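Please look first at the sequence and the fold shown here, and then follow the description below, which moves from single loop residues to helix packing and on to the contact between chains.

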2 protein chains.
Amino acid sequence: MLTRSFAFQILLFLYKIEIMISGRVSLFVYLEKRRALVEKSLASCIPSAATRPETLHQAMRYSLLGGGKRLRPILVLCAAEALGDDSEYVISNALPAACAVELLHICSLIHDDLPSMDDDDFRHRKPAAHRVFGEAVALLAGDALLSRAFGLLAEIDCPKRYPLSVMLNEMTLSVGSRRLIGGQVADLEAIAKNASLDQVRFIHERKTAEMVRLALRLGAMTANATPVQLDKLTDFGTALGLAYQVIDDILDVTERSERLGKTAGKDVKAGKATYPAVIGIDASKREAARLTRKALKSLDSLGEGTYRLRQIAERLLIRHC
Amino acid sequence: MLTRSFAFQILLFLYKIEIMISGRVSLFVYLEKRRALVEKSLASCIPSAATRPETLHQAMRYSLLGGGKRLRPILVLCAAEALGDDSEYVISNALPAACAVELLHICSLIHDDLPSMDDDDFRHRKPAAHRVFGEAVALLAGDALLSRAFGLLAEIDCPKRYPLSVMLNEMTLSVGSRRLIGGQVADLEAIAKNASLDQVRFIHERKTAEMVRLALRLGAMTANATPVQLDKLTDFGTALGLAYQVIDDILDVTERSERLGKTAGKDVKAGKATYPAVIGIDASKREAARLTRKALKSLDSLGEGTYRLRQIAERLLIRHC
């Protein structure tokens, strides 16, 4: 009996390993496939580099097509997929929203990196846009990406439950002065001021979680989510977005620049309000795990379609391990 | 006979003077009334200065509610009025579009005034936003106004002929990298380079005429313009916008800062591409008059409703006299 039980345990263990490995490989393949789709769509949603004024379009393409994980647009697609029936239609209808969210994100990176803001010279393993094209053109490239993001919403075949006016309001509020942009101001104002945990949360909810939340919501809306599904995916997005930023704060302390693709240790040096600075590395790791569990729990009632979202949340958490 | 004819001539002259004076007074009253309506609407379309983060909202309100002629939003209302039947409904439905155009304009002013751009310390007779709130907050206030502008479109009760997607596309294209923002880049690139007349036109068509054109088009769309009416008002807007910029270029040379409310002689000093720099003051004045005539001619077939647009075009032309 003991031997049989032992053999069973070994088989079970191997089976789990197999699921884990095949799951990871298939997540990797899935993410690459989605990333390629997003890249192609991004490349075609802004004018070519030969369009006058050339410098501006070169700067826009340099920043937009310059790499990155494309986490936010992939989350838009994942949210739509998690709810949709007709996969091909659902994905193609969510693509403009996916690109819009990425354009907003890249605009915020270009503007954040400017000398008058975070003054960062390095982004996605390359010199920041303002180092290549100058401050003025970089700033205007950001403005142009921001404007184009809104225009992309007009390309969605909006379900009756979520007409274009609803999606437009959603995006305006998310980007606006009380959320994303407000978060950036609060971030700048908190520098070197021994921020409290409340302040750090205020900033992270706006600077990072808001765009992840928007990604989930827009994706869900394009796939005609029920109000309950939309609420659950919103909760998932908020918790995942916060977890993501806590992990990013941890990596800023523990990783080297080459691996991060941007200047490491910058937050500490700049006296930024971060989780490790307020509660320490170990508590930050526990907080990231707690937030990830919270995110996963939000998906409990949504069924099997959400397994990619689960995989992504789990994958993000182990980045700092 | 001679005496009677002379008396008649005098009477006719006095009558013309009377029409001219009463016309002007009534235009002045009309513009003030519209300006007050726009100011009130602008004040309520962005968060209060007490909203967190306060500095950002103070900066947005400082720039947005800091004076100015409100020409663009008034043109939105005028275009709608020129075509509409039910005046009160037409005006209230055009108001969000009017505010949106003004928000875009103010964003472009804040960003243009930044040290890395035109580096201007003075706007609407007050220190520029970046002088009061710092570069970072000014830049982000511009971003927030730009985002809010798009959101305002969702408040329009769009006619079937011009659904929200059409208005959103219209605004995205107008602001985007090929038009307004492209014009600003071309403007910066032309500095101190002895620009040709073609280059000056390329810049002016984008930097100024585009927003005036957008004002006319959005106003006309909210009032359900026929395609022919929309075309005529577009032509009016383009010609008026160009005339306006030529006149602005002339005033930069001939006026003092106090009267302009911004730094005079700045264009010349900065080696900017302007009409007076390329064709001289007198030819510029003739060009402004030609463009104004062209604008007025576009209105010929549109009937009596366009008389405010005519008055505004005529009033703008005599600014430099």
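**From a loop residue to the interface**

A:Asn224 counts as partly exposed, because 19 C-beta neighbours fall inside 10 Å, one short of a limit at which burial would begin, since a residue is called buried with 20 or more such neighbours. The model in which this count was made is a predicted one. A:Asn224 sits in the loop that runs between H9 and helix H10 (227-254) of chain A, and its phi is near 60 degrees, a positive value in a residue other than glycine. The corresponding description can be given for chain B, where B:Asn224 lies in the loop between helix H9 (197-222) and helix H10 (227-254) and has a positive phi of about 60 degrees although it is not a glycine. B:Asn224 likewise counts as partly exposed, with 19 C-beta neighbours inside 10 Å.

A second backbone feature is found towards the start of each chain. A:Arg52 and A:Pro53 are joined by a cis peptide bond, with omega about -5 degrees, and A:Pro53 belongs to the loop between helix H1 (2-44) and helix H2 (54-64) of chain A. In chain B a cis peptide bond joins B:Arg52 to B:Pro53, again with omega about -5 degrees, and B:Pro53 is placed in the loop between helix H1 (2-44) and H2 of that chain.

These loops belong to a chain whose secondary structure, in the case of chain A, comes to 15 helices and 2 strands. Of the 321 residues in chain A, buried residues make up 51%. When contacts in chain A between residues at least 6 apart in sequence are considered, 71% of them join residues at least 24 apart.

Helix H8 of chain A, which spans residues 180-189, offers a view of how such burial is arranged, for 9 of its 10 residues are buried. The buried residues of H8(A) include A:Leu180, A:Ile181, A:Val185 and A:Leu188, and also A:Asp187 and A:Gln184. What do the buried residues of H8(A) pack against? Within chain A they pack against helix H4 (87-113), helix H7 (164-175) and helix H9 (197-222), and from chain B they meet H2 and H6.

The packing of H8(A) on H9(A) can be followed in more detail. The axes of these two helices come within 8 Å and cross at roughly 140 degrees, and H8(A) and H9(A) are therefore oblique to each other. Their crossing is left-handed. On the side of H8(A) the contact is made by A:Leu180, A:Gly182, A:Gly183, A:Gln184, A:Ala186 and A:Asp187, which meet A:Phe202, A:Ile203, A:Arg206, A:Lys207, A:Glu210 and A:Met211 in H9(A). By class, the residues of this contact divide into 5 nonpolar, 3 polar and 4 charged.

The nonpolar interior can be approached through one position. In the largest nonpolar core, which has 202 residues, A:Leu153 and B:Leu153 touch the most other members. Leaving aside neighbours within four places in sequence, A:Leu153 is in contact with A:Pro96, A:Ala97, A:Ala100, A:Leu164, A:Met167, A:Leu168 and A:Met171, and also with B:Leu168 from the other chain.

B:Leu168 leads on to a helix pair formed across the two chains. The axes of helix H6 (residues 135-152) of chain A and H7(B) come within 9 Å and cross at roughly 165 degrees, which makes H6(A) roughly antiparallel to H7(B). H6(A) passes H7(B) in a left-handed crossing. A:Ser147, A:Arg148, A:Phe150 and A:Gly151 of H6(A) make this contact with B:Leu168, B:Asn169, B:Thr172 and B:Val175 of H7(B), and the residues involved divide into 3 nonpolar, 4 polar and 1 charged.

How many residues of chain B are in contact with chain A over the whole interface? There are 40 residues of chain B in contact with 40 residues of chain A. Helix H2 (54-64), helix H6 (135-152), helix H7 (164-175) and helix H8 (180-189) of chain B each supply at least two residues of the side that touches chain A, and H6(B) gives the most, with 12 residues. This side of chain B has 21 nonpolar, 14 polar and 5 charged residues.

Key: Residues are numbered from 1 along each chain as its sequence is written. Chains are lettered from A and ligands numbered from 1 in the order in which they are written. This is a predicted model: local features need pLDDT of at least 70, side-chain atom pairs count only at pLDDT 80 or more; totals for chains, interfaces and linings use all residues. Two residues are in contact if their C-beta atoms, placed from the backbone, lie within 7 Å. Helices (H or I, at least four residues) and strands (E, at least two) are DSSP runs, numbered from the N terminus. Ala, Val, Leu, Ile, Met, Phe, Trp, Tyr, Cys and Pro count as nonpolar, Asp, Glu, Lys and Arg as charged, and the others, Gly among them, as polar. A residue is buried if 20 or more other C-beta atoms lie within 10 Å of its own, exposed if 12 or fewer, and partly exposed in between; C-beta atoms are placed from the backbone. A nonpolar core is a set of buried Ala, Val, Leu, Ile, Met, Phe, Trp, Tyr and Cys residues joined through C-beta atoms within 7 Å. Axes are lines fitted to C-alpha atoms, for helices over the stretch in contact, and angles run from 0 to 180 degrees between N-to-C directions. Angles under 35 degrees count as roughly parallel, over 145 as roughly antiparallel, 65 to 115 as roughly perpendicular and the rest as oblique. A crossing is left-handed if the near helix is turned anticlockwise from the far one by less than a right angle, and right-handed if clockwise.
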